[in-house]
Amino acid sequence: MSPITLWFLQASRSIRTAWLLEELNLPYTVKFFDRTPEGKAPQALKESAGNPLGKAPTIQDGDLTIYESGAITEYLCEKYDKENRLIPSNANEAARIKVQQWIHASEGTFALHGIALLYARMTMPEAVKADGKTLAEMEAKMAGNVQNDIDWLEAELKASTGRFLLGDEVTAADVMMHFTLKFCLKRELGTKGRSWPAVEKWVGDCEATEGYKRAVEKTGHKF
Ligand SMILES: N[C@@H](CCC(=O)N[C@@H](CS)C(=O)NCC(=O)O)C(=O)O
């Protein structure tokens, strides 16, 4: 088996892939990169990863270079999760679709809505920020989407038969969704003053798994 290489950017979605690789018990080497003072990926990552956008995570497996954390997740599970532990098999269609729904929702819905607030904070001209209300008004308007999304997640977690999204075992749904929620809650992206007890407990339960702990130990991931 060719060794898998993970381009790992600190404080990023890269932790999803490290956690998944740990859950799959796959050997992998990590190329570590710290962010620049502006919070960007450094030039060395952009030049070496083979990802046209210069983003992380990116993996190489043999001759294949793969980016977009959802696509990496689907690729690794299809190829190496022979027991269909992390993405259920076609024979279990309802569960398989649920996991795929979360894989896509993590980026296409939750991250889209949460990161819109971060971009507003980052790009708002200082002169406008200085009025003390324009940014707050924009954030308040954008927060509605984030809060509806997290209400949905809260309801699904309450309805789950176990600690995780699909019961008592971690699936790719948890691996993809955990980072987005952690990020939105930590940065208060539309979440300030609100609380979602089931979501907060699940974030802790994800971080208490042996696979997540090994991924953090191996990569030094921190926010
Ligand atoms: N949709 C992509 C997003 C990749 C992405 O934006 N990664 C961020 C880290 S979380 C990055 O590399 N940022 C560095 C930069 O923009 O320079 C995925 O899910 O992998």
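In this predicted model, the residues that line the largest cavity divide by class into 4 nonpolar, 1 polar and 3 charged. The lining consists of Arg13, Arg16, Glu107, Ala111, Ile115, Phe179, Thr180 and Phe183, and the elements that contribute two or more residues to the lining are helix H4 (93–123) and helix H7 (172–186). The volume of the largest cavity is about 40 Å³, and the structure holds 2 cavities of 30 Å³ or more.

The second largest cavity encloses about 30 Å³ of space, and its lining is made up of Phe110, His113, Gly114, Val146, Asp149, Ile150 and Cys184. Here the elements that give two or more residues to the lining are H4 and helix H6 (134–159). By class, the lining of the second largest cavity has 4 nonpolar residues, 2 polar residues and 1 charged residue. Helix H4 is thus named for the linings of both the largest cavity and the second largest cavity.

Open space was examined as well as enclosed space. The largest pocket has a volume of about 910 Å³, and of the 29 residues that line the largest pocket, those closest to its centre are Arg13, Arg35, Gly39, Lys55 and Tyr119. Two or more residues of this pocket lining are given by each of H4 and H7, and the largest share, 5 residues, comes from H4. By class, the lining of the largest pocket has 14 nonpolar, 5 polar and 10 charged residues. Arg13 is listed both among the residues closest to the centre of the largest pocket and among the residues that line the largest cavity.

The geometry of helix H4 was then considered. At 1.5 Å a residue, the 31 residues of H4 should span 45 Å, and the C-alpha atoms at its ends are 43 Å apart, which agrees with that expectation. The helix nevertheless contains a kink of about 50°, and this kink is centred on Ala105.

The strands were described by their pairing. Strand S1 (residues 4–9) pairs with S3 in the antiparallel sense over 4 bridges, and within this pairing the bridge partner of Trp7 is Thr58 in S3. Strand S3 (residues 58–61) is also joined by 4 bridges to strand S4 (residues 64–67), and these two strands run antiparallel. Across the pairing of S3 with S4, Ile59 stands opposite Ile66, while Gln60 stands opposite Thr65. In a regular strand, the side chains alternate between the two faces of the sheet. The hairpin of S3 and S4 has 2 residues between the strands, and in this hairpin Gly62 takes a positive phi near 60°.

Particular backbone features were found in two loops. The peptide bond that leads from Ala56 to Pro57 is cis, with omega near 5°, and Pro57 has its place in the loop between helix H2 (43–48) and S3. Asn84, although it is not a glycine, has a positive phi of about 50°, and Asn84 lies in the loop between helix H3 (69–80) and H4.

Contacts between aromatic rings were also searched for. Over the whole structure, the search finds 8 aromatic pairs. One of them is formed by Trp19 and Tyr212, which are arranged edge-to-face, with 5.2 Å from centre to centre and 90° between the planes. This pair links distant parts of the chain, since Trp19 is in helix H1 (residues 14–23) and Tyr212 is in helix H9 (residues 210–219), 193 residues apart.

Conventions
Residues are numbered from 1 along each chain as its sequence is written. This is a predicted model: local features need pLDDT of at least 70, side-chain atom pairs count only at pLDDT 80 or more; totals for chains, interfaces and linings use all residues. Side-chain values use heavy atoms; hydrogens and water are left out. Two strands pair if DSSP finds at least two bridges between them. On a 1 Å grid over the protein atoms alone, a cavity is a set of points where a 1.4 Å probe fits but cannot get out, and a pocket is an open set with protein on both sides within 12 Å along at least five of seven lines; lining residues have an atom within 4 Å of a point. Grid points are joined across faces, edges and corners, and a volume is the space filled by probe spheres set on the points. Ala, Val, Leu, Ile, Met, Phe, Trp, Tyr, Cys and Pro count as nonpolar, Asp, Glu, Lys and Arg as charged, and the others, Gly among them, as polar. The expected span of a helix is 1.5 Å times one less than its number of residues. The bend at a residue is the angle between axes fitted to the seven residues ending there and the seven starting there. Rings of Phe, Tyr and Trp (its six-membered ring) pair if their centres lie within 6.5 Å; planes under 30 degrees apart count as stacked, over 60 as edge-to-face and the rest as tilted.
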